[in-house]
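Ready for some practice in reading a protein structure? Have a look at the sequence and the 3D view first, and then work through the exercises at your own pace.

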Amino acid sequence: MIRLENVKRIYTRRGQTVTALQCEDLRISAGEYVAVVGPSGSGKSTLLSLLGGMLSPTSGRIWLDDTSVYEQSVISRSAIRRERMGFVFQTFNLIPYLTALENVQVPLALNNVSPVNQVGLATAMLQRFGLGDRLNHKPSEISVGQQQRVALARTLVNDPQIILADEPTGNLDPTSREVVLKAFDTCYDEGRTIITVTHDLTAAARAKRRLVLNDGQISEESFSRAKVA
Ligand SMILES: Nc1ncnc2c1ncn2[C@@H]1O[C@H](COP(=O)(O)OP(=O)(O)OP(=O)(O)O)[C@@H](O)[C@H]1O
Ligand SMILES: [Mg+2]
C-alpha cells in the first residue's frame with residue numbers, strides 16, 4: 001500500500017510560489033493499475049516524483065507500507081527505489097554509449113547481481129520484448145519504439161513491485177504503444193502496482209482506476225465515466 005498523508009508540494013522560483021500538489025489522503029493498494037490524467041501543469045509529474053522517492057514533499061508524509069519514505073536516510077530511500085520500484089519515462093533515459101544489453105544490465109549491476117547472471121537475465125528480458133537480435137546496438141542505432149522497449153526491459157529486469165511511468169507512450173507509433181500497454185497488462189496480471197501518467201485516454205482506459213489532477217488537486221474518476229469522456 002502506498003499512502004499520501006496531508007501532502008503538499010510547493011515550488012518557489014524567483015519569488016513566485018506554486019502549490020503543485022495538495023492531497024489529504026490518497027491510498028493505492030498493492031496490485032492496482034492506476035492512470036493519472038489531467039491538463040499540462042496540473043501536477044502529474046510532481047505526484048509521480050513524490051511517489052517514487054525522488055522529490056520530497058514540502059509537508060506531509062508518503063508511506064510505502066509501514067515506511068515513511070522521506071523520513072529514511074538518502075541511502076535507504078535509494079535502496080527502496082532500486083529494489084522495489086521501476087521507472088519508465090517518455091524520454092527513455094537510456095545511456096547513449098552503452099548497448100541495449102548493457103543498458104538493461106545497469107540495474108542488475110546496481111543490485112550486485114553477478115556479471116554472468118546480469119547477461120543472462122538482461123538477454124532474456126530483451127528477447128521477451130523482441131529485441132534478441134539488437135543486443136549489441138546502441139540507442140542511436142535502433143528505432144524509437146525499440147528504444148522504449150529497451151527502457152521497459154531495463155525497468156522490469158529487476159522485478160519491481162511498483163512501476164511508475166510518466167507518459168510512457170507519448171512518443172510512440174501505435175504498434176510500439178501497444179507493446180508498452182501489453183507489458184503493463186502483463187505486469188498487472190503478475191500483481192505489480194502500476195501508476196502511469198498519460199495524456200492518452202485510450203491508454204488511461206486500460207487502467208483499472210483513474211486519478212484526475214486539476215491545479216494540484218486529486219480526484220477520482222469512475223471507470224465508466226472515463227470511457228464516455
Ligand atoms: N522545478 C520546478 N520549479 C518551479 N515550479 C515547478 C517545477 N516543476 C514543476 N513546477 C510547477 O508545478 C506545477 C506542476 O508541474 P508538473 O510538472 O507536475 O505538471 P504536469 O501535470 O506533469 O504537466 P505536463 O503534463 O506538462 O508534464 C506546474 O505549474 C509547474 O509549472
Ligand atoms: Mg509532466
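The exercises below each come with a worked solution, and they concern a predicted model.

**Exercise 1. Overall size**

Find out how many helices and strands the protein has, and explain why its radius of gyration agrees with that of a compact globule.

Solution.
- Step 1: Start with the elements. The protein holds eight helices and ten strands.
- Step 2: Look at the extent. The C-alpha atoms fill a box of roughly 45 × 45 × 40 Å along the principal axes.
- Step 3: Compare with the rule. A compact globule with 229 residues would have a radius of gyration near 17 Å, and the protein has 18 Å, so the two agree.
- Step 4: Turn to the contacts. Of the contacts between residues at least 6 apart in sequence, 69% join residues at least 24 apart.

**Exercise 2. The inside of the protein**

Work out what share of the residues is buried, and state which residues have the most contacts inside the largest nonpolar core.

Solution.
- Step 1: Buried residues account for 39% of the 229 residues.
- Step 2: The largest nonpolar core has 55 residues. Val36, Val104, Leu126, Ala153 and Leu164 are those with the most contacts inside this core.
- Step 3: Take Val104 as an example. Leaving aside residues up to four places away in sequence, Val104 touches Ala122, Met125, Leu126, Val150, Ala153, Arg154 and Val157.

**Exercise 3. The shell around ligand 1**

List the residues around ligand 1, then sort them by kind and by the element they come from.

Solution.
- Step 1: Around ligand 1 you find Tyr11, Arg13, Val18, Ala20, Gly38, Ser40, Gly41, Ser42, Gly43, Lys44, Ser45 and Thr46.
- Step 2: The elements that give two or more residues to this shell are β1 (2-13), β2 (16-28) and α1 (44-51).
- Step 3: The largest share, three residues, comes from α1.
- Step 4: Sorted by kind, the shell has three nonpolar, seven polar and two charged residues.

**Exercise 4. Strands side by side**

Follow the pairings of strand β4 (residues 59-64) with β1 and with strand β5 (residues 67-68), then study how strand β9 (residues 209-214) meets strand β10 (residues 217-221).

Solution.
- Step 1: β1 and β4 are antiparallel and share five bridges. Arg3 has Trp63 in β4 as its bridge partner.
- Step 2: β4 also pairs with β5, again in the antiparallel sense, over two bridges. Here Leu64 is matched with Thr67 in β5.
- Step 3: The hairpin of β4 and β5 has two residues between the strands, and Asp65 there takes a positive phi near 50°.
- Step 4: β9 and β10 run antiparallel and are joined by five bridges. Leu213 stands opposite Ile218 in β10.
- Step 5: β9 and β10 form a hairpin with two residues between them, and Asp215 in the turn has a positive phi of about 50°.

**Exercise 5. Loop residues: buried or exposed?**

Decide whether Asn93, Glu167, Pro96 and Arg14 are buried, partly exposed or exposed. Use these cut-offs: 20 or more other C-beta atoms within 10 Å means buried, 12 or fewer means exposed, and anything in between means partly exposed.

Solution.
- Step 1: Most residues other than glycine have a negative phi. Asn93, in the loop between β6 (85-89) and α3 (100-110), has a positive phi of about 55°. Asn93 has 13 other C-beta atoms within 10 Å, so this residue is partly exposed.
- Step 2: Glu167 lies in the loop between β7 (162-166) and α6 (174-189) and has a positive phi near 50°. Glu167 counts as buried because 20 C-beta neighbours lie inside 10 Å.
- Step 3: Pro96 sits in the loop between β6 and α3. With 8 other C-beta atoms within 10 Å, Pro96 is exposed. Not counting residues up to four places away in sequence, Pro96 touches Lys138, Pro139 and Ser140.
- Step 4: Arg14 belongs to the loop between β1 and β2. Arg14 has 4 C-beta neighbours inside 10 Å and therefore counts as exposed.

**Exercise 6. Distance in sequence and in space**

For Arg14 and Glu83, give the separation in sequence and in space.

Solution.
- Step 1: Along the chain, Arg14 and Glu83 are 69 residues apart.
- Step 2: In space, the C-alpha atoms of Arg14 and Glu83 are 37 Å apart.

Conventions: Residues numbered from 1 in each chain as written. Chains lettered and ligands numbered in written order. Predicted model: local features only at pLDDT ≥ 70, side-chain atom pairs only at ≥ 80, totals over all residues. Near = placed C-beta within 6 Å. Helix = DSSP H or I, 4+ residues; strand = E, 2+ residues; numbered from the N terminus. Nonpolar A, V, L, I, M, F, W, Y, C, P; charged D, E, K, R; others polar. Pairing = 2+ DSSP bridges. Core = buried A, V, L, I, M, F, W, Y, C linked by C-beta atoms within 7 Å. Contact = placed C-beta atoms within 7 Å. Rg over C-alpha atoms; globule rule 2.2 N^0.38 Å.
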